[in-house]
Amino acid sequence: MPEIKISEVAALLGKKLGEEFKVKDLKSGKIYVASFDGHGMKAHKEGSSDSWKTRGDIVMRLVLGLAVVVDE
């Protein structure tokens with residue numbers, strides 16, 4: 001059942017599972033490329049060669065208003 005809840009979180013942010021989008025951390029100013037899947041959110045820093053990593057912290061920052069989805 002986790003996929004159902006994750007898809008609901010994605011929908012709250014106007015996103016679909018598998019859709020890539022950018023998130024800006026308001027404290028650090030860092031931009032992340034993110035995507036929801038059936039297990040949570042994966043992300044990497046924009047412009048970085050880092051591989052995708054599970055990032056529940058970014059989800060929490062979005063929920064708390066400490067990060068925003070950036071439309072570019």
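User: Hi! Quick one to start: is Asp 57 buried, partly exposed or exposed?

Analyst: Hello! This is a predicted model, and in it Asp 57 is partly exposed, with a relative accessible area of 39%.

User: Which side chain does Asp 57 meet in a salt bridge?

Analyst: The partner is Arg 55, at 2.7 Å from N to O. Arg 55 counts as buried, because its relative accessibility is 19% and the cut-off for buried is under 20%.

User: How many salt bridges does the structure hold?

Analyst: There are five. Another of them joins the side chains of Arg 61 and Asp 25, with 2.6 Å from N to O.

User: Where do Arg 61 and Asp 25 lie?

Analyst: Arg 61 is in helix α2, residues 56-64, while Asp 25 is in strand β1, so this salt bridge ties together parts that are 36 residues apart in sequence.

User: And are those two buried or exposed, or somewhere in between?

Analyst: Asp 25 is buried, at 10% relative accessible area. Arg 61 is partly exposed, at 22%.

User: What stands opposite Asp 25 in β5?

Analyst: That would be Ala 67. Strand β1 covers residues 20-25, and it pairs with β5 in the antiparallel sense over four bridges.

User: OK, so zoom out for me. What is the strand order of the sheet?

Analyst: The order is β4-β3-β2-β1-β5, in an open sheet of five strands with antiparallel pairing. The edge strands are β4, residues 53-54, and β5, residues 67-70, and each of these pairs on one side only.

User: Changing topic: where is Lys 15?

Analyst: Lys 15 sits in the loop between α1, residues 2-12, and β1.

User: A lysine in a loop... is Lys 15 buried or exposed?

Analyst: Lys 15 is buried, with a relative accessible area of 14%. That puts it in the buried class because the class takes in values under 20%.

User: What does Lys 15 touch?

Analyst: Leaving out residues up to four places away in sequence, Lys 15 touches Ala 10, Phe 21, Val 69 and Asp 71.

User: Which side chain does Lys 15 meet in a salt bridge?

Analyst: Glu 19, with 3.9 Å from N to O. The cut-off is within 4 Å, so the pair is counted as a salt bridge. Glu 19 counts as partly exposed, at 29% relative accessibility.

User: Great. Now the inside: which residues make up the largest nonpolar core?

Analyst: The core has 12 residues in all: Ile 6, Ala 10, Phe 21, Val 23, Tyr 32, Ala 34, Phe 36, Met 41, Ala 43, Ile 58, Leu 62 and Ala 67. So Ala 67, the residue opposite Asp 25, belongs to this core as well.

User: Which elements each supply at least two of the core residues?

Analyst: Those are α1, β1, β2 (31-37), β3 (40-45) and α2. The largest share, three residues, comes from β2.

User: Can you pick Ile 58 from that list? What does it touch?

Analyst: Sure. Ile 58 touches Val 23, Tyr 32, Met 41 and Ala 43, again not counting residues up to four places away in sequence.

User: Last thing, the outside. Which residues form a nonpolar patch on the surface?

Analyst: Met 60, Val 63, Leu 64 and Leu 66 do, and together they have about 400 Å² of accessible area.

User: Where does Leu 64 lie, and is it buried or exposed?

Analyst: Leu 64 lies in helix α2 and counts as exposed, at 57% relative accessibility.

Methods: Residues numbered from 1 in each chain as written. Predicted model: local features only at pLDDT ≥ 70, side-chain atom pairs only at ≥ 80, totals over all residues. Heavy atoms only, no water. Pairing = 2+ DSSP bridges. Buried < 20%, exposed > 50% of the residue type's maximum accessible area, 1.4 Å probe, protein only. Contact = heavy atoms within 4.5 Å. Core = buried A, V, L, I, M, F, W, Y, C linked by side-chain atoms within 4.5 Å. Patch = residues over 30% accessible without salt bridge, like charges linked within 9 Å, V, L, I, M, F, W, Y side chains within 5 Å. Areas by Shrake-Rupley, 256 points an atom, 1.4 Å probe, with all protein chains shown as cover.
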